[in-house]
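Here is a short briefing on one protein model. Please keep the sequence and the 3D view open while reading.

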Amino acid sequence: MTYLSQNQIKEFRDGNKPISCPILDIKTQDWVLDHDHQNGMVRGVISRQANSLLGKVENFYLKMCKGEKENLPNTLEAMAAYLEQETLDVLHPVGLTQLTRKFANSLTAAEQVTELKDLGASDDDLASCKNQKQRKELFRKLTKTKYE
């Protein structure tokens, strides 16, 4: 075991920084020396963003979930498997609100019309939409109908 003094951190970090972050797979110039807060041991050099994410995940798991540190990797693997599984063909009410907000805030008027056509809007439906608010309401109605 070796002790790394504060004035050795920069040199150690610079000598051990990877080509890309091993967690986020990004290239950066903002590297940090990560350490385990339970035992103080250095784990490696990662991006500042990954270090922040890792700290938040670990702290939440240990404090809020009352998990044991040695079980965290299994929990993260289970979480990854859960996120990769197929979603159910059921639209959540909050999901409808989120989709509607994204439709209204992220698309141009022309893109909104294309999206509405893809959802099956008729020419009469489209002609009745005089503004973005009406296109948004039509989007919400058509999307909800699609899942009913």
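The whole structure holds 6 salt bridges. The model is predicted. The points below begin with those charged contacts, then turn to an aromatic pair, one helix and a surface patch.

**Salt bridges**

- Lys-10 and Asp-14 join their side chains in a salt bridge, with 2.7 Å from N to O.
- Both residues sit in helix α1 (residues 9-16), 4 residues apart, so about one helical turn separates them.
- Lys-10 is exposed, at 52% relative accessibility. Asp-14 is partly exposed, at 35%.
- Arg-48 bridges to Asp-30, and their closest N and O atoms are 3.0 Å apart.
- That contact links distant parts of the chain, 18 residues apart. Arg-48 belongs to helix α2 (residues 48-63), while Asp-30 is in the loop between α1 and β1 (31-35).
- Arg-48 has a relative accessible area of 45% and counts as partly exposed. Asp-30 is partly exposed too, at 32% relative accessibility.
- Lys-69 forms a salt bridge with Asp-36; here the closest N and O atoms lie 3.5 Å apart.
- Lys-69 is in the loop between α2 and α3, and Asp-36 is in the loop between β1 and β2 (42-47), so this bridge ties together parts that are 33 residues apart in sequence.
- Is Asp-36 buried or exposed? Asp-36 is buried, with a relative accessible area of 9%. Its partner Lys-69 is partly exposed, at 25%.
- Lys-69 and Asp-36 also belong to a network of salt bridges. Asp-34, Arg-43 and Glu-58 are linked in that network as well.

**Aromatic pair**

- The structure has 1 aromatic pair.
- Its members are Phe-103 and Phe-139, and the two rings are stacked. Their centres are 4.3 Å apart, with 10° between the planes.
- The planes count as stacked because that term covers angles under 30 degrees.
- Phe-103 lies in helix α4 (residues 93-106) and Phe-139 in helix α7 (residues 132-147), so the pair ties together parts 36 residues apart in sequence.
- Phe-103 is buried, with a relative accessible area of 2%. Phe-139 is buried as well, at 5% relative accessibility.

**Helix α4**

- Helix α4 has 14 residues. From first C-alpha to last, α4 reaches 20 Å, close to the 20 Å expected at 1.5 Å a residue.
- Which residues of α4 are buried? They are Gly-95, Leu-96, Thr-100, Phe-103 and Ala-104.
- These buried residues cover an arc of only 170° around the axis, so they fall on the same side of α4.
- The other side of α4 carries the exposed residues Lys-102, Asn-105 and Ser-106.
- Phe-103 therefore appears twice in this briefing: as a buried residue of α4, and as a member of the stacked pair, with its 2% relative accessible area.

**Surface patch**

- Leu-76, Met-79, Tyr-82 and Leu-83 make a nonpolar surface patch of about 450 Å².
- Leu-83 is placed in helix α3 (residues 72-84).
- Leu-83 counts as exposed because its relative accessibility is 64%, and the cut-off for exposed is over 50%.

Terms used:
Residues are numbered from 1 along each chain as its sequence is written. This is a predicted model: local features need pLDDT of at least 70, side-chain atom pairs count only at pLDDT 80 or more; totals for chains, interfaces and linings use all residues. Side-chain values use heavy atoms; hydrogens and water are left out. Rings of Phe, Tyr and Trp (its six-membered ring) pair if their centres lie within 6.5 Å; planes under 30 degrees apart count as stacked, over 60 as edge-to-face and the rest as tilted. Helices (H or I, at least four residues) and strands (E, at least two) are DSSP runs, numbered from the N terminus. Buried means under 20% relative accessible area, exposed over 50%, partly exposed in between (1.4 Å probe, protein chains only). Patches are made of residues with over 30% relative accessible area and no salt bridge: like charges are joined within 9 Å, nonpolar side chains (Val, Leu, Ile, Met, Phe, Trp, Tyr) within 5 Å. Accessible areas come from the Shrake-Rupley method with a 1.4 Å probe; for residues, only the protein chains shown count as cover. A salt bridge is a side-chain nitrogen of Lys or Arg within 4 Å of a carboxyl oxygen of Asp or Glu. The expected span of a helix is 1.5 Å times one less than its number of residues. The arc is that of the directions from the helix axis to the C-beta atoms.
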